[in-house]
Every structure is written in structure tokens, then in C-alpha cells.
Amino acid sequence: MKRARYRNLVALCLSDGGIGFSSGTRYIHFTNQSETLLKFFENEIRKFSDAKIHRQIKERGITLRVFDINLVRELLSISPNFRTKSCNNYPKCKPGCLHELVDSASWPIIHIPEDLFGTKNDKTSFLKIYASCDGYPSIFPRSGTWSPIERIVAIVCHHPKLKLRLSELLDDVEIPHTIKRYSLEMRSRDAIEKFTKKIKFLDGVEMTGNSRHWKGYKKNDILFKIVKSYKTRFEQKDSESVLKKLRNL
Ligand SMILES: [Zn+2]
């Protein structure tokens, strides 16, 4: 199917990008702090468009904008919306937004059609891109519980229907996970090892400032630390010793 070509771009737009509207014209945008992801977005755009890619420095990263009405039209034929905030959140949705009521809140209707995917590999690569933008690995010392270490791989998503669709894709590639209010979480050894084997993050994508212990590390490096930590003995269980050991894995 022809529109499977847009799969990567759809993953980027549904996570850290979208379709905006400015003085009567629609444009594609993507915001990130990671140069790896910004470059990846530029490369995807270049497969379809020669339009200038505008670059703007913002508080939460660099925003790239592309004004290409044909490409916008292709993307909107795949999903009627790329906005993943609820309709009443600031800024409110535009008139004409196709939305639906979910748990008494209004949400933009979003599609990730099955014909974007030919094989299971297509699904894992879609999830890899989405998770690289809106996902993270986390490992940190914990006290007062049976395990001295907390390990999580999460894909963040506030949109209730999109979250279920992403959960379906994880099911399709056989990765166990639990559905939380604002995320999909992998916490068991089995789930995290399967995520690492089948999906991972895009190479070079860094942890953001939200990570207390691992800011500046690559997401994949932390993922590999988690996997190694299962095979490591932690003799000293206090936080500092655990953290030191984790840093050296
Ligand atoms: Zn709406």
C-alpha cells in the first residue's frame, strides 16, 4: 500500500510533532531537543518534499516547520488529526476538528491504519520511533522493598484511544506491558528483554532533563544497563552503592 511510505512520518507527528495551522495554511511541525531525532525528521520530510524546513529555537527544544500542502493532505488522509492533547486543553482544538467523547472528555480522532504495516518489522520500527520520542527507560535505586532496584521502560501517551492502539501494536509484536493512565509500561524482566530485543530506541537519542540520574546518557545505553542489571549481583543495597554499580555497568 502506497501510504505505508509515510509510516515513519506518522510516528514522528503523533509523538513530538503534528499538523499546525497558521494564517490560513496548514504545516507539519516537529519539536525536539535531540539532534538525532530532528535529523531523522528532516530525512523523512526529504523523501517527499523539497520545501524549506524552518528551524526555530523554543524553550522545550527546536521546532522544525514544513509548509507543503500536498504532504499535509497525504498525512491527513491517514489520520484526521495528529493532535494528541484533549480538545479542551490549551490551545483548544480548531473549529472543524473531528473529535469524539472518551470518558466524558473530548479527544481528537486519531487513526493508525493497519495498512501502514506490511510485516511485524514495520510495527516494531513504528514503535521504535514513537518510543524514541515519547518513551524512556528508567533504572534507579529503591529502598525498603524486596528489590533494591526499580526498572521501567515506558511509552508515554495521554490520548486514551491512541494509547490503546499502541498497546495493540505491542501485543501484535508480543511484548507484554500494562496499560497505565498516561503510559504503557514494561516492568518485568521478560517484557524489558523482549522490548530490547525487538524494539529498542533509535541509536543516538539521549535521555531528557526529566531523568534524575541519567540525563545526557543515550536511551539505548540505559536500556542495556537495565538488561545487564538482571545478571548483576548487588551486594550492597544502599542507594549510593547501587547507583555506582549501575553507572559502571
Ligand atoms: Zn476537537
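Before I come to the first helix, let me say that by contact I mean two residues whose C-beta atoms, placed from the backbone, lie within 7 Å. What we have here is a predicted model, and in it helix α1, residues 7-15, lies across β1 and β2, the latter being residues 25-32, and runs at about 70° to β1.

Let me turn to the sheet itself, which is open and has four strands in the order β1-β2-β4-β3, with antiparallel pairing. At its edges stand β1, residues 17-22, and β3, residues 53-58, and because each has a single partner strand, one side of each is left without a neighbour in the sheet. Direction ignored, neighbouring strands of this sheet are turned by 30° against each other on average.

The partner of β3 is strand β4, residues 61-66, and the two pair in the antiparallel sense over six bridges; in one of the pairings between residues, Arg55 has Leu64 of β4 as its bridge partner. Helix α2, residues 35-46, also packs on the sheet, where it touches β2, β3 and β4, and its direction makes about 5° with that of β4.

That leaves the interior. The largest nonpolar core has 53 residues, of which Val10, Leu75 and Tyr130 touch the most other members. Where does this core lie with respect to domain 1 and domain 2? Domain 1, residues 2-83, and domain 2, residues 117-247, both give residues to this core, and it therefore lies between them.

Val10 deserves a closer look: once its neighbours within four places in sequence are left aside, Val10 is in contact with Leu75, Ile78, Ser79, Ile112 and Leu116.

Note on methods: Residues are numbered from 1 along each chain as its sequence is written. This is a predicted model: local features need pLDDT of at least 70, side-chain atom pairs count only at pLDDT 80 or more; totals for chains, interfaces and linings use all residues. Two strands pair if DSSP finds at least two bridges between them. Axes are lines fitted to C-alpha atoms, for helices over the stretch in contact, and angles run from 0 to 180 degrees between N-to-C directions. A nonpolar core is a set of buried Ala, Val, Leu, Ile, Met, Phe, Trp, Tyr and Cys residues joined through C-beta atoms within 7 Å. A residue is buried if 20 or more other C-beta atoms lie within 10 Å of its own, exposed if 12 or fewer, and partly exposed in between; C-beta atoms are placed from the backbone. Domain bounds come from an automatic or database domain assignment.
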